[in-house]
Amino acid sequence: MRAGFPDFRLGNVLATSFTGTLSERHGNAVERIPTPQRLVDWLAVYGLAVDSCTTTQLDLARELRESIHATATAAAIQDALPASAVEVLNDRSAQGRAAAILTPEGKRRWQLSSASCVEDALSVIAADAISIIAGERDGKLAVCASPTCRAAFFDTSRSRTRKWCDMNTCGNRQKKARFHANQRKDPSSGE
């Protein structure tokens, strides 16, 4: 990734990976798309290449990100979906011009309009979020057990019992904290 910016936290689910562009929401928040170019970079990683991005489009993207987070979190804890967030998801989904394309390998990929604008890419992300929140995909929405993270993620594990959005970050951090807490309680157990 570009020097000077935090790495992207990439996942297999487009919509929840997009919400991960802001991590540690309840701690020291880390913004992973601080500039329009970083949004362009993130979209390219997910096959949604756009020509450019304005600060207004970045604001639209962040509003969508927060709306996905709010609705996914509400769905995960079986709470009422926030009406304003649902409205943003629906608006962004309807505003874009993108088409699902089948690759020769039998995979789905998105083709944006010839203008390749950010709104087209956002519509794909919004549509992905809608399919997850509506329960159309095999998996379960959950909220990261890390008290500083609390990211919404889509659990596709066999048992559907994942606790953390990312084992390499939140999971390891929580396990390390628990280990150190146990060491402080019983210093002789480390020998």
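What volume does the second largest pocket have? In this predicted model, the second largest pocket takes up about 260 Å³, and the close-ups below start there.

**View 1. A look at the second largest pocket, about 260 Å³ in volume.** Around this pocket you'll find Asn12, Val13, Leu14, Tyr46, Gly47, Leu48, Arg108, Arg109, Trp110, Val124, Asp128 and Arg137. Strand 4 (108-112) and helix 5 each put at least two residues into the lining. Strand 4 gives the most, with three residues. Sorted by class, the lining has six nonpolar, two polar and four charged residues.

**View 2. Here is the largest pocket, with about 460 Å³ of space.** It has 22 lining residues, and those closest to the centre are Gly11, Phe153, Arg162, Cys165 and Asp166. Helix 1, strand 1 (22-23) and strand 6 each bring at least two residues to the lining. The mix here is 10 nonpolar, eight polar and four charged residues.

**View 3. Now for the largest nonpolar core, a group of 31 residues.** Look for Phe18, Leu39 and Ile125, which touch the most other members. Two or more residues come from each of helix 1 (14-19), helix 2 (36-45), helix 3 (55-76), helix 5 (118-133) and strand 6 (152-155). Helix 5 has the largest share, with eight residues. There is also a second, separate core of eight residues, and Cys144, Ala151, Phe153 and Cys165 are among them.

**View 4. This one zooms in on Phe18 and its contacts.** Setting aside neighbours within four places in sequence, Phe18 is in contact with Ile33, Leu39, Trp42, Ala61, Leu64, Arg65, Ile68, Leu122 and Ile125. Two names on that list may ring a bell: Leu39 and Ile125 are, along with Phe18, the residues that touch the most other members of the largest core.

**View 5. Finally, helix 5, a run of 16 residues.** At 1.5 Å a residue, helix 5 should span 22 Å, and its end C-alpha atoms are indeed 22 Å apart, so the two agree. Is helix 5 largely enclosed by the rest of the structure or largely open? Largely enclosed, because 12 of its 16 residues are buried. Those buried residues are Val118, Asp120, Ala121, Leu122, Ser123, Val124, Ile125, Ala126, Asp128, Ala129, Ser131 and Ile132. Of these, Val124 and Asp128 also turn up in the lining of the second largest pocket. After the helix comes Gly135, with a positive phi near 80°.

Terms used
Residues are numbered from 1 along each chain as its sequence is written. This is a predicted model: local features need pLDDT of at least 70, side-chain atom pairs count only at pLDDT 80 or more; totals for chains, interfaces and linings use all residues. Side-chain values use heavy atoms; hydrogens and water are left out. A nonpolar core is a set of buried Ala, Val, Leu, Ile, Met, Phe, Trp, Tyr and Cys residues joined through side-chain atoms within 4.5 Å. Buried means under 20% relative accessible area, exposed over 50%, partly exposed in between (1.4 Å probe, protein chains only). Helices (H or I, at least four residues) and strands (E, at least two) are DSSP runs, numbered from the N terminus. Contact means heavy atoms within 4.5 Å. On a 1 Å grid over the protein atoms alone, a cavity is a set of points where a 1.4 Å probe fits but cannot get out, and a pocket is an open set with protein on both sides within 12 Å along at least five of seven lines; lining residues have an atom within 4 Å of a point. Grid points are joined across faces, edges and corners, and a volume is the space filled by probe spheres set on the points. Ala, Val, Leu, Ile, Met, Phe, Trp, Tyr, Cys and Pro count as nonpolar, Asp, Glu, Lys and Arg as charged, and the others, Gly among them, as polar. The expected span of a helix is 1.5 Å times one less than its number of residues.
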